[in-house]
Amino acid sequence: MSHIIKTEEHWKPFIMTGAISAFLFLVYSIVTMILLLIVGGQPETVQECFSMLQKSKIIGLIRLDILTIIVMPLYYLIFFAIYGTLKEYNEPATTFFTVIIFIGITMFLTILPTSSLLKLSDTYESVSDINVKNQIITAAQSLHAADMWHKTGAIIGGVFLQIGALAISILMLKN
C-alpha cells in the first residue's frame, strides 16, 4: 500500500500539470469556435492567404491555426499525467497506447504549414520579379493543397491519437 501512496505523491505534480493542461485545452476549444465565427476559417486560396497575412499577421496566423500549434503539445502533458495514474493498473497497455498517442501528436504537429506560408508570404511581398512571385505562389499552393486536413501524416496522426485516447478511456473505465 505504501508503494501506491509513494507513486501517487511522486506523480502529483505531473497530474496537476495534466489537469491544468486539460482545462487550457477546453478554453482553447471554446476560443477557437468563437474565433472561427468572428475571423473565419482557413483561406480558400494562396492569394487570400497572402492577402490576409499582409493585412494582419495576427488574424492571418489565427486563420492558419497558429493556436493549434501552440496548444496541441498540451496533449503530451495530459496523456503523460493519465499514464502516471493508470500505469499501476496495466502498465504494458498504458505505455503502448500512450506511445501511440505521442506518435499521433508528433505526426500531426509536423505537418502544419503555418510558418512556411508566413515565410512565403513575406518573401512574396518583398520581391518584384514576376517569375519569382509565380514560383512562390506555386510553392505556397503545394503547401496549401496538402494542408493539415488533407495530408496523410495528419490523417494517420489523428487516427493514432483517437485510437490511443479511446483505448486509454477504456482502461480508465476498467480501473
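Phe102 has a relative accessibility of 24%, and because buried means under 20% and exposed over 50%, Phe102 counts as partly exposed. Tyr76, also listed at 24% relative accessibility, is likewise partly exposed. These values, like everything below, come from a predicted model, in which the protein has eight helices and zero strands.

**Aromatic rings**

- Across the whole structure, a search for pairs of aromatic rings finds 11 of them.
- One of these pairs joins Trp11 and Tyr83, whose rings meet edge-to-face with 5.9 Å from centre to centre and 65° between their planes.
- This pair links distant parts of the chain, since Trp11 belongs to helix α1 (residues 2–39) and Tyr83 to helix α5 (residues 74–110), with the two positions 72 residues apart in the count along the chain.
- Trp11 counts as buried because its relative accessibility is 8%, and Tyr83, at 14% relative accessibility, counts as buried as well.
- Tyr76 and Phe102 form another edge-to-face pair, with their ring centres 5.2 Å apart and an angle of 75° between the planes.
- Ring pairs also join Trp11 and Tyr83 with Phe14 and Phe80, so that the four residues are linked into a cluster.

**Overall fold and dimensions**

- Read from the N terminus, the elements of the protein follow the order α-α-α-α-α-α-α-α.
- The protein is more spread out than a compact globule, because its radius of gyration is 20 Å, well over the 16 Å that the globule rule gives for 175 residues.
- Taken along the principal axes, the box filled by the C-alpha atoms comes to roughly 70 × 30 × 25 Å.

**Burial, contacts and surface**

- Of the 175 residues in the protein, 36% are buried.
- When contacts between residues at least 6 apart in sequence are considered, 75% of them join residues that are at least 24 apart.
- The area that the protein exposes is about 10400 Å², and carbon and sulfur atoms supply 70% of that area.

**Charges**

- The protein carries 10 positive and 11 negative side chains, and the centres of these two sets lie 2 Å apart.

Terms used: Residues numbered from 1 in each chain as written. Predicted model: local features only at pLDDT ≥ 70, side-chain atom pairs only at ≥ 80, totals over all residues. Heavy atoms only, no water. Helix = DSSP H or I, 4+ residues; strand = E, 2+ residues; numbered from the N terminus. Rg over C-alpha atoms; globule rule 2.2 N^0.38 Å. Buried < 20%, exposed > 50% of the residue type's maximum accessible area, 1.4 Å probe, protein only. Contact = heavy atoms within 4.5 Å. Areas by Shrake-Rupley, 256 points an atom, 1.4 Å probe, with all protein chains shown as cover. Lys, Arg positive; Asp, Glu negative; His and termini not counted. Charge placed at Lys NZ, Arg CZ, Asp CG, Glu CD. Phe/Tyr/Trp six-rings, centres within 6.5 Å; stacked < 30°, edge-to-face > 60°.
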